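Reader: Hi! Could you walk me through a helix and its surroundings in this one?
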Amino acid sequence: MKPPFHKRPQVRIVAASLVFALTWFFGLANRTNLWDVPFDSVRRSGISGMLRGGFSDLTSTVLVVLVAAACYATVLVALRQEFRHRFLFAVGGAIVVALAALPSAPLTSPDTTHFAADVRTFWLEGRDPTRMANVPNQVDDPVAREVRTFAGSPSGYGIVAYALGGLPLPFVGDGLRANVFGQKVLSGTMLVLTGLAAGLVAKRLGRNPAQAMAAIAMNPMFIWQFPGDGHNDIIMAAFGTIAVYFLVRKDWPRRGAGAALAALSVLTKYSVIIVAPVVAVAWFPKLRRIIGGFVGIGGVLFLVGFFGFFKPGIATIGPLEGVTRNTPWNFIFDGFNLEGAGHDVVIAICYSGAVLVIAAVCLFHKFETEQDLVDAIALTLALFLFLFAPTLRQWYLIWGFPVVMLSSRRWLRYGAVAFSLCGFLPTLAANWQITIANETGLAYPVQFAVVLTWLLSAGFAYWRWNRDQRVGRPSAQRARPGRAARRAAANSGRKRQAAR
């Protein structure tokens, strides 16, 4: 017997996707329309500067996020059920909500304007955007001249990022708004492709491909950051997720294809190189102790030497650029008023902890099946981002999120979803911190949001883990024979042995 029409999963997915898209478009994207907001907002970004309504705009933005999160949860629950073409429903929902986010100007980051200029420097000028001589304020280009934030800073991406970033160029002309829009379309497309790749891996592992697709491509945080803000980390995530499909295989031709795709991911942005030792252990299990020991001891010694002898100080760049306010590490940095060498000590501790986590995964994690390798990669990236990343932007979560959604550890998946959604707390607090302080009397809204984010995320992961443990215990107790039955079995065994 079929369920009532309104309770069918297909209906719930379509309805939730449409509510998500319409709420996002009318509540957020259309109000910050890229083609209508003041030009300076396009160049600098900042949602609070675009809306200018103070606390009422903050509450309306929070409402949009809450509705989107509820729709996201509705879709994920509905996709648990088996029905025809459920993967297509997930793909359709992802496309609809991505399209709803495209009209907005970048909401919380100026990176897309800088990247749009760098792409033109690479393709039209034939120059390397990573060199100081080629930064936007040194390039005679109509888009480069409009960059205001980090205009004197070199870009920090790999060559693949600039190569693929050039795909919109034939369609966007020389205007800044159109070039930014082109990067947003590219980012939104890559988000959908990342979800598709995760679905492919999920099918390979015998998991739910539709749910994996929707968990990634319909996540409100990633809708905000990629089709919304246009970050290019999603290019790296797309290559990395496709690479996982081949990296887990046993035959070397497919492993080679996976290594090539992983190289493209690293040449987009270098971050996921940290899982290379984990993959190496899975491929060469006899070298487990050597690889794990080399990573643990060698990695820590390198970091101590780098920070101890080279003393990079505030001049460190890239992933070593500093401690951002939206991580708990900032409390140590600010609490002890650390500068210079103290700044380096905090970063050295963070990355030493990350190295030890990688070494521990290499030495102690199980690597018997394809799922084991996925679990190991997911655990490594999740622990790095949650515990040991001193420089954390919310869009960095895409580095590990697709693989985490393929993990067999439910507590890790639930915790990652909570961490991504709670990431709106420090994001919005940073943009409306003065308004929040004036309206609520909360002196340090960003720090409060950071504490709440980490506590809620860890608490949700623990709740899922504890629930799984409690569900498992009764069945284990029922499976175990009672005391009388065990005594009778032991007596019966002794009698049989005596009879022999």
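Author: Happy to! Just after α11, Gly 230 has a positive phi of about 80°. This is a predicted model, where local features need pLDDT of at least 70, side-chain atom pairs count only at pLDDT 80 or more, and totals for chains, interfaces and linings use all residues. Residues are numbered from 1 along each chain as its sequence is written, and side-chain values use heavy atoms, leaving out hydrogens and water.

Reader: Thanks! How many residues of α11 are buried?
Author: Helix α11 covers residues 220-228, and 9 of its 9 residues are buried (under 20% relative accessible area, with exposed over 50% and partly exposed in between, 1.4 Å probe, protein chains only). Helices here are DSSP runs of H or I with at least four residues.

Reader: And what caps its N-terminal end?
Author: Asn 219 does: one of its side-chain oxygens lies 2.9 Å from the backbone nitrogen of Met 221.

Reader: How do the axes of α9 and α11 cross?
Author: At roughly 135°, and the axes come within 7 Å. The axes are lines fitted to C-alpha atoms over the stretch in contact, with angles from 0 to 180 degrees between N-to-C directions. The two helices are therefore oblique to each other (not under 35 degrees, over 145 or 65 to 115).

Reader: Which residues of α9 make the contact?
Author: Lys 184, Ser 187, Gly 188 and Leu 191, where contact means heavy atoms within 4.5 Å.

Reader: Switching topic: where is Ser 45?
Author: Ser 45 sits in the loop between α2 (39-44) and α3 (47-51). Its phi is near 70°, a positive value in a residue other than glycine.

Notes:
Polar contact = N/O pair within 3.5 Å; in protein donor to acceptor, adjacent residues only side chain to side chain.
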